[in-house]
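Visitor: I should like to learn how to read charged side-chain pairs and buried residues in a protein model. May we look at one together?

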Amino acid sequence: MPDQFDRASQLEEEERKRSLDAQRNRTNFDKPSLENCEDCDGPIPKERQAFGGVTRCVECQGFFEKTGR
């Protein structure tokens, strides 16, 4: 019989999977990356561009993910 901790762990795992799936669906890795960040116009390193679909520098992407803006 599952206890509260097992249920909480299961809910956390389900939420993590939903979040990852949503992020994968939003990002189109098949599109080319930008050379400059769409927010600050700073350069995006070639290594980051290689992922495909990158539109922000690391700093701006981190801010975007934390605040949604």
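Visitor: With which residue does arginine 16 form a salt bridge?

Guide: In this predicted model, a salt bridge is recognised when a side-chain nitrogen of Lys or Arg lies within 4 Å of a carboxyl oxygen of Asp or Glu. Arginine 16 forms one with glutamate 12, and their closest N and O atoms are 3.2 Å apart.

Visitor: Why are arginine 16 and glutamate 12 separated by about one helical turn?

Guide: The two are separated by about one helical turn because they stand four residues apart in helix H1, which covers residues 4–26.

Visitor: Are these two residues buried, exposed or partly exposed?

Guide: The relative accessible area decides: under 20% is buried, over 50% is exposed, and partly exposed lies in between. Arginine 16, at 46%, is partly exposed, and glutamate 12, at 48%, is likewise partly exposed.

Visitor: Which salt bridge does aspartate 21 form?

Guide: Aspartate 21 pairs with lysine 17, the closest N and O atoms being 2.9 Å apart. These residues are four places apart in helix H1, so about one helical turn separates them. Aspartate 21 is partly exposed, with a relative accessibility of 28%, whereas lysine 17, at 52%, counts as exposed.

Visitor: Where in the chain are arginine 56 and aspartate 39, whose side chains also meet in a salt bridge?

Guide: The N to O distance of that salt bridge is 2.9 Å. The pair links distant parts of the chain, 17 residues apart. Arginine 56 is in the loop between helix H2 (46–49) and helix H3 (58–67), while aspartate 39 is in the loop between H1 and H2. Arginine 56 is buried, with a relative accessible area of 11%, but aspartate 39 is partly exposed, at 46%.

Visitor: Which residues are joined into one network by salt bridges that share partners?

Guide: Glu38, Asp39 and Arg56 are joined in this way.

Visitor: How many salt bridges does a search of the whole structure find?

Guide: The search finds five.

Visitor: Which residues make up the largest nonpolar core?

Guide: A nonpolar core consists of buried residues of certain kinds, joined through side-chain atoms. Here the largest has five residues: Cys37, Ile44, Val54, Cys57 and Cys60.

Visitor: What is valine 54 in contact with, leaving aside its neighbours within four places in sequence?

Guide: With those neighbours set aside, valine 54 is in contact with Ser33, Leu34, Ile44 and Arg48. Of these contacts, Ile44 is also a member of the largest nonpolar core.

Conventions. Residues numbered from 1 in each chain as written. Predicted model: local features only at pLDDT ≥ 70, side-chain atom pairs only at ≥ 80, totals over all residues. Heavy atoms only, no water. Core = buried A, V, L, I, M, F, W, Y, C linked by side-chain atoms within 4.5 Å. Buried < 20%, exposed > 50% of the residue type's maximum accessible area, 1.4 Å probe, protein only. Contact = heavy atoms within 4.5 Å.
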